[in-house]
Amino acid sequence: MTTRYADRMEGVKPSAIRQLLQYGADPNIISFGGGYPDASLFPASELQAIFTELLSGPGELSLQYTHSTGMPKLREQIAARMAADGVTTEQDNVLILQGSQQGLDLAARLLINPGDLVATEAPTFLGALIAFNPCQPEYLAIPMDEDGMMTEVLEQQLQAGRRIKLLYTVPDFHNPTGITLSLARRRHLIRLANQYDFIILEDSPYREVRYQGEKVATLKSMDSEGRVIYFGSFSKILAPGLRLGWSVASSEITEKLGLLKLAADTQCSTLNMAAVSLYLERHDLDAHIQVIKARYLAKKETMMSVLKSEFPADIRYTNPHGGLFTWLEFPESFDSEKFMLEYAVPQARVAWVPGATFFPTQQRKNFARFSYSTHSEEKTLQGMSALARLLKKHL
Ligand SMILES: Cc1ncc(COP(=O)(O)O)c(C=O)c1O
């Protein structure tokens, strides 16, 4: 039988990184590929006590269906956290999501018609492309420098008549580069959105994991026309297995996203929402985030120390002030995937995510994403030093 799939499946292909990430499961390989948080930082005993308590109580509170937009108490708690970060919002403008990944899927379905132009950073978060592709957009890839997306290039494109419907950005500790969008560029982006009438998806799951420097105001806090949809997540500050994130948007957009959420999965897990709400009530999440930040800073410094002192000088890398990733740029002719498969995995037993897959349009091969969050400092030193020795032989 020939199954006649919907046209949108044209854009749905298995990702090359699925196969590459299998190295993460091999104990003989030190993989810097997965963007997983350090599991030893999850507040497991606190969550265990909370889950036990919830499950010993009345079922309506933890095991029953609840509001599709999310548990009201948790929406209120999130609104308060957003307010503390400079985004004044009502509980009604907060929608609880199955991780921010679900927000990307819902926003795509809300806004993208086949052929619509969607602007993204180049490179960009692969999960966003995976969420957008079934809606069949065209992409406008905007290059980045050390201040993030080059909004002047975006402006040139807009002036030249490219009409974008939607712009997707990861402004804080961008995945995959670790770069943060500067304040001046944020202001510029908002001006462009207002002038050229497009929606901004501000996806910021790493925002609270800043361990150096001053935080930069969110795009949402500068949004006077209701055209920014902000996505936050508990994945990097509590635990990704809870699958809880949120959006903050205008009432109109929140309502429509809520309708799509109802169609997609009815609601997020009542038990998990109740648990996170109780965690926020009983424990000091900000104190927990301080612990996370101290660990990631130490881990980042370890990776940076090898990159600085042992790697060939013509390999450039970012030194992020937060988040989980650094982005390596090799000489133009270097193919980071080929080198990884032919040399790094068999000889140094080290893996990463080759950079090409993060580019929405022209895939560039001489980049790589390294995550410093998962391994101990000792393993990071071991893997990075082995790789440095191998690279010196080949470059
Ligand atoms: C930029 C970005 N957005 C969204 C997500 C999805 O996160 P969540 O676990 O909240 O769905 C990730 C996860 O790595 C990410 O890096």
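**Exercise 1. Polar contacts of the ligand**

A polar side-chain atom of Arg 243 lies 2.9 Å from an oxygen atom of the ligand. The model is predicted. Decide whether this pair is inside or outside the cut-off for a polar contact, then find the part of Ser 100 and the part of Ser 235 that approach a ligand oxygen.

*Solution.*
Step 1. Take the cut-off: a polar contact is a pair of N or O atoms within 3.5 Å. The Arg 243 pair, at 2.9 Å, falls inside it.
Step 2. Turn to Ser 100. Here a backbone N or O atom lies 2.8 Å from a ligand oxygen.
Step 3. Turn to Ser 235. An N or O atom of its side chain is 2.6 Å from an oxygen atom of the ligand.
Step 4. Add the cover. On its own the ligand has 400 Å² of accessible area, and the protein covers 90% of that.

**Exercise 2. The shell around the ligand**

State how many residues surround the ligand, and find the element that gives the largest share of the shell.

*Solution.*
Step 1. Count the shell: 14 residues surround the ligand. Ser 100, Asp 203, Tyr 206, Ser 233 and Ser 235 are the closest.
Step 2. Sort by class. The shell has 6 polar, 5 nonpolar and 3 charged residues.
Step 3. Assign the source. Helix H5, residues 99–111, supplies 3 residues, the largest share.

**Exercise 3. The site itself**

Locate the ligand among the pockets, give the volume of the largest pocket and describe its lining.

*Solution.*
Step 1. Place the ligand: it sits in the largest pocket.
Step 2. Read the volume. The largest pocket has about 990 Å³.
Step 3. Look at the lining. It takes in 38 residues, with Gly 34, Gly 35, Tyr 36, Phe 125 and Lys 236 closest to the pocket centre.
Step 4. Map the lining onto elements. Helix H1 (16–20), H5 and helix H6 (126–132) each give two or more residues. H5 has the largest share, with 4.
Step 5. Sort by class. The pocket lining holds 17 nonpolar, 14 polar and 7 charged residues.

**Exercise 4. The cavity**

Count the cavities of 30 Å³ or more, then classify the residues that line the largest one.

*Solution.*
Step 1. The structure holds 1 such cavity. About 30 Å³ of space lies in the largest cavity.
Step 2. List the lining: Pro 37, Asp 38, Leu 41, Phe 42, Ser 235, Lys 236, Ile 237, Leu 238, Ile 292 and Tyr 296.
Step 3. Sort by class. The result is 7 nonpolar, 1 polar and 2 charged residues.
Step 4. Cross-check with the site. Ser 235 lines this cavity and is also among the residues closest to the ligand. Lys 236 lines the cavity and is among the lining residues closest to the centre of the largest pocket.

**Exercise 5. Backbone features**

Determine whether the bond from Ala 122 to Pro 123 is cis or trans, do likewise for Asn 175 and Pro 176, and find the sign of phi at Phe 173.

*Solution.*
Step 1. The Ala 122 to Pro 123 bond is cis, with omega near 5°. Pro 123 sits in the loop between strand E3 (117–122) and H6.
Step 2. Asn 175 and Pro 176 are also joined by a cis bond, with omega about 20°. Pro 176 belongs to the loop between strand E6 (166–169) and helix H8 (183–196).
Step 3. Phe 173 is a residue other than glycine with a positive phi, near 50°. Its place is in the loop between E6 and H8.

Key
Residues numbered from 1 in each chain as written. Predicted model: local features only at pLDDT ≥ 70, side-chain atom pairs only at ≥ 80, totals over all residues. Heavy atoms only, no water. Near = heavy atom within 4 Å. Polar contact = N/O pair within 3.5 Å; in protein donor to acceptor, adjacent residues only side chain to side chain. Areas by Shrake-Rupley, 256 points an atom, 1.4 Å probe, with all protein chains shown as cover. 1 Å grid on protein atoms, 1.4 Å probe; cavity = no way out; pocket = protein on both sides within 12 Å on 5 of 7 lines; lining within 4 Å. Sits in = over half its atoms within 2 Å of the grid points. Nonpolar A, V, L, I, M, F, W, Y, C, P; charged D, E, K, R; others polar. Points joined across faces, edges and corners; volume = space filled by probe spheres on them.
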